[in-house]
Amino acid sequence: MTGDQKEPRGQALRKPGAGDMIEHSASEDRRRAPAALDEARLRQQAIGVRLRQMFDEVVSEPVPEEFLAILRQADKKTAEND
Amino acid sequence: MAAASNAGPSGDSRADEAFKRELVGLIPHLRAFARTLAGDPASADDLAQDAMMKAWDARASFQMGTNMKAWTFMILRNQFYSEKRRSWRQSQLDQEAAERTLVAVDDPEAPVALDELRLSLAALPAEQREALILVGAGGFAYEEAAEICGCAVGTVKSRVSRARKALHAILEDGSYERDGSAASDAMGAILADAERLSSAR
């Protein structure tokens, strides 16, 4: 019989009395949902913090002298060509 | 080609100086972004240097006052993908090298969780990883990230959201390439670290 049901489960849950076995757990679900959401958000935040830290680790490395040397050389070449 | 009219006298040298100063300030960010794209730190620095020089050569086409960080990131990204197309070998080595390096780069003192995050990142499709890094670590707005990647804002949004979900799932069930035993430990460690880090700020 569940196979014939077109409604997604979430919607059925929101209708009181849609099924006798749902009725009981509905209130419990409602209480649990925000907590689960909070936890998911917290975890996403945690991943975000880590991600930034990973990136910032490289950002805070000293710039290899090679970069500056190459740029200086290019700048000099520009000046000479003028 | 016909840029001659404006290429002229050294009245430009002051603008060049300002451009150079800003470009130098962006080098650390270019290096960090390159590190997330290229396989190992050495080729990442090559990539960052190439991008830096491309930006320098194209300085006449940059409008001072607009977002130079986004502009240079776009150059770097284009550089990376055009090089990648050129060498077929690269794509083969990519995944392997990425995983190896992400670990190798790691500070031995760093907590385990960082390793897990790097491995999990490496397991994401490139376009998702890139979007997540630009928005989640590079500090770009969705609009800027879209410009950098040459795609629609909505595309970036959905890539970031898919990346977040995937990353979460990978960390949760340990499907990154490891022994797979310490799956929930990884997430636990990340949570603990994040807590420590955010309270330290």
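**Helix packing and chain contact in a two-chain model**

Just after α8(B), G150(B) takes a positive phi of about 65°. The model that shows this is predicted. The helix before this glycine, α8 of chain B, spans residues 142-149. Its buried residues are E144(B), A145(B), A146(B) and I148(B).

Both chains are helical. Chain A holds three helices and zero strands. Along its sequence the pattern reads α-α-α. Chain B holds 10 helices and, again, zero strands. From its N terminus the order is α-α-α-α-α-α-α-α-α-α. Burial was computed for each chain. In chain A, 11% of the 82 residues count as buried. In chain B, buried residues make up 36% of 201. Sequence separation was also examined in chain B. Among its contacts with a separation of 6 or more, 59% join residues 24 or more positions apart.

One helix of chain B, α7, was followed in detail. It is mostly covered, with nine of its 11 residues buried. The buried set runs through Q128(B), R129(B), E130(B), A131(B), L132(B), I133(B), L134(B), V135(B) and G136(B). Two of its partners are described here, α8(B) and α9(B).

The axes of α7(B) and α8(B) come within 9 Å. They cross at roughly 140°. An angle over 145 degrees would count as roughly antiparallel. The two helices are therefore oblique to each other. Their crossing is right-handed. On the α7(B) side, the contact uses E130(B), A131(B), L134(B) and V135(B). On the α8(B) side, it uses Y142(B), A145(B), I148(B) and C149(B). By class, this contact has seven nonpolar residues, no polar residues and one charged residue. The spacing of such residues follows from helix geometry. An α-helix has 3.6 residues a turn, so residues three or four places apart point the same way.

The second partner is α9(B). Here the axes come within 8 Å and cross at roughly 100°. That angle makes α7(B) roughly perpendicular to α9(B). From α7(B), the contact takes E127(B), Q128(B), R129(B), A131(B), L132(B) and V135(B). From α9(B), it takes V156(B), R159(B), V160(B), R162(B), A163(B), R164(B) and A166(B). The classes are seven nonpolar, one polar and five charged residues. A131(B) and V135(B) appear in the contact with α8(B), and they also appear in the contact with α9(B).

The largest nonpolar core has 48 residues. Within it, the residues with the most contacts are L30(B), A34(B), L47(B) and L76(B). Both chains supply this core. At least two residues each come from α2 of chain A and from α2, α3, α4, α6, α7, α8 and α9 of chain B. The most come from α2(B), which gives eight residues.

The contact between the chains takes 33 residues from chain B and 26 residues from chain A. On the chain B side, the elements that give two or more residues are α2, α3, α6, α7, α9 and α10. Again α2(B) stands out. Its nine residues form the largest share of the side of chain B that touches chain A. By class, that side has 18 nonpolar, seven polar and eight charged residues.

L71(A) gives one view of this contact. It sits in helix α3 of chain A, which covers residues 65-81. L71(A) is partly exposed, with 19 other C-beta atoms within 10 Å. A residue counts as buried at 20 or more. Leaving aside neighbours within four places in sequence, L71(A) is in contact with K20(B), V24(B), M52(B) and W56(B). In chain B, α2 spans residues 13-37 and α3 spans residues 41-57.

The α3 helix of chain B also contains K54(B). K54(B) is partly exposed, with 15 other C-beta atoms within 10 Å. Not counting residues up to four places away in sequence, K54(B) touches I75(B) and Q79(B). Q79(B) is 25 residues from K54(B) along the chain. Their C-alpha atoms are separated by 8.8 Å. The helix α4 of chain B, one of the core's suppliers, spans residues 68-86.

Definitions and conventions:
Residues numbered from 1 in each chain as written. Chains lettered and ligands numbered in written order. Predicted model: local features only at pLDDT ≥ 70, side-chain atom pairs only at ≥ 80, totals over all residues. Contact = placed C-beta atoms within 7 Å. Helix = DSSP H or I, 4+ residues; strand = E, 2+ residues; numbered from the N terminus. Nonpolar A, V, L, I, M, F, W, Y, C, P; charged D, E, K, R; others polar. Axes fitted to C-alpha atoms, helices over the stretch in contact; angles between N-to-C directions. Parallel < 35°, antiparallel > 145°, perpendicular 65-115°, else oblique. Left-handed = near helix turned anticlockwise from the far one by under 90°. Buried ≥ 20, exposed ≤ 12 C-beta atoms within 10 Å, placed from the backbone. Core = buried A, V, L, I, M, F, W, Y, C linked by C-beta atoms within 7 Å.
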